[in-house]
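Reader: I would like to go through this model by question and answer. Please keep the replies short.

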Amino acid sequence: MRPLVAALATAAVFATFAASAQDKAPAPVPAPQDKEAYRPGLGEIMALQQMRHIKLWFAGHDGNWPLADYEIGELKEGFDDVTEQLGGDIVEQHVGGPLVDLQRAVDGKNGAAFAAAFDSLSAGCNACHHTLDHPFIVIQRPIVLPYSNQVFTP
């Protein structure tokens, strides 16, 4: 009889703990006090721009026009962020025209025009870097695709 009483007592203890654990909901994660607290710096934005530039090249080079179009849109958003940080129209002066030419080439599915406009964009990036006293940052056509987990062919 004692083993039965001990087993029932043990079961009751475990049942109490289980019920107690179920009654307690996890504590909610506190909401940030200031939703604008994190603002990426220019370096973080430009690192994303470089990634987009790489992806744009491989998409256009492989004739994946929907992906190239998407990456142009992402580059434009990133350049808007850069403009917000720098102020003025320095970004528009250097890459505005090449982005228009890239969009035209992608819309027309024109590989030769795409390559020329892409090189013009890269030159615009480098000119902007010179203007901002960062001539050591040189952008070129990517040689190696670092994104082996994404298909770039249409």
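**Helices, pockets and rings**

Author: Start with one residue of this predicted model. Leaving aside residues up to four places away in sequence, Gln140 touches His53 and Ser122.

Reader: How far apart in space are Gln140 and Ser122, C-alpha to C-alpha?

Author: Gln140 sits in the segment after α5. Along the sequence, 18 residues separate Gln140 and Ser122. In space, their C-alpha distance is 5.9 Å.

Reader: Is Gln140 buried or exposed?

Author: The cut-off for exposed is over 50% relative accessible area. Gln140 has 52% relative accessibility, so Gln140 counts as exposed.

Reader: What is the secondary structure of the chain?

Author: The pattern along the sequence reads α-α-α-α-α. There are 0 strands, and the helices number 5.

Reader: What share of the chain's contacts with a separation of 6 or more comes from residues 24 or more positions apart?

Author: A contact here means heavy atoms within 4.5 Å. Take the contacts with a separation of 6 or more. Residues 24 or more positions apart account for 67% of them.

Reader: What percentage of the residues count as buried?

Author: Buried means under 20% relative accessible area. The chain has 154 residues. The buried share is 31%.

Reader: How much of the accessible surface belongs to carbon and sulfur atoms?

Author: The accessible surface of the chain totals about 10,200 Å². Carbon and sulfur atoms hold 60%.

Reader: Which element gives the most to the lining of the largest pocket?

Author: The largest pocket holds about 350 Å³ of space. Two or more lining residues come from each of α2 (42-61), α3 (65-86), α4 (90-107) and α5 (111-131). With 6 residues, the top contributor is α2.

Reader: Which residues lie nearest the centre of the largest pocket?

Author: The lining has 19 residues. By class, 13 are nonpolar, 6 are polar and none is charged. Nearest the centre lie Met46, Gln49, Cys125, His129 and Ile137.

Reader: Is His129 buried or exposed?

Author: His129 belongs to helix α5. Buried means under 20% relative accessible area. His129 has a relative accessible area of 10%, so His129 is buried.

Reader: Which residues does His129 touch, not counting residues up to four places away in sequence?

Author: His129 is among the residues nearest the centre of the largest pocket. So are Met46 and Ile137. Both also appear among the contacts of His129, which are Met46, His134, Pro135, Ile137 and Ile139.

Reader: Which element supplies the largest share of the lining of the second largest pocket?

Author: The second largest pocket holds about 160 Å³. α3 and α4 each supply at least two residues of its lining. The largest share, 6 residues, is from α4.

Reader: How many charged residues are in the lining of the second largest pocket?

Author: The lining includes Lys76, Asp80 and Glu92. Asp, Glu, Lys and Arg are the types that count as charged. Beside 5 nonpolar and 2 polar residues, the charged residues number 3.

Reader: How many aromatic pairs does a search of the whole structure find, and is the pair of Trp57 and Phe114 stacked or tilted?

Author: The search of the whole structure finds 5 aromatic pairs. In the pair of Trp57 and Phe114, the ring centres are 5.9 Å apart and the planes meet at 25°. Planes under 30 degrees apart count as stacked. The pair is therefore stacked.

Reader: Which parts does the pair of Trp57 and Phe114 tie together?

Author: The two residues are 57 residues apart in sequence. Trp57 is buried, and Phe114 is too. Trp57 lies in α2 and Phe114 in α5, so the pair ties together helix α2 and helix α5.

Reader: What is the angle between the planes of Trp57 and Phe118?

Author: These rings also form an aromatic pair, 5.0 Å centre to centre. The pair is tilted, at 50°.

Reader: How far apart in sequence are Trp57 and Phe118?

Author: Both residues are buried. Trp57 is in helix α2 and Phe118 in helix α5, so the pair ties together parts separated in sequence by 61 residues.

Reader: Which residues form the aromatic cluster?

Author: Trp57 pairs with Phe114. Trp57 also pairs with Phe118. One cluster is formed by Trp57, Trp65, Phe114 and Phe118.

Reader: How far apart are the C-alpha atoms of Ala113 and Asp101?

Author: Ala113 is in helix α5. Its relative accessible area is 31%, so Ala113 is partly exposed. Ala113 and Asp101 are 12 residues apart along the chain, and their C-alpha atoms are separated by 8.0 Å.

Conventions
Residues numbered from 1 in each chain as written. Predicted model: local features only at pLDDT ≥ 70, side-chain atom pairs only at ≥ 80, totals over all residues. Heavy atoms only, no water. Helix = DSSP H or I, 4+ residues; strand = E, 2+ residues; numbered from the N terminus. Buried < 20%, exposed > 50% of the residue type's maximum accessible area, 1.4 Å probe, protein only. Areas by Shrake-Rupley, 256 points an atom, 1.4 Å probe, with all protein chains shown as cover. 1 Å grid on protein atoms, 1.4 Å probe; cavity = no way out; pocket = protein on both sides within 12 Å on 5 of 7 lines; lining within 4 Å. Points joined across faces, edges and corners; volume = space filled by probe spheres on them. Phe/Tyr/Trp six-rings, centres within 6.5 Å; stacked < 30°, edge-to-face > 60°.
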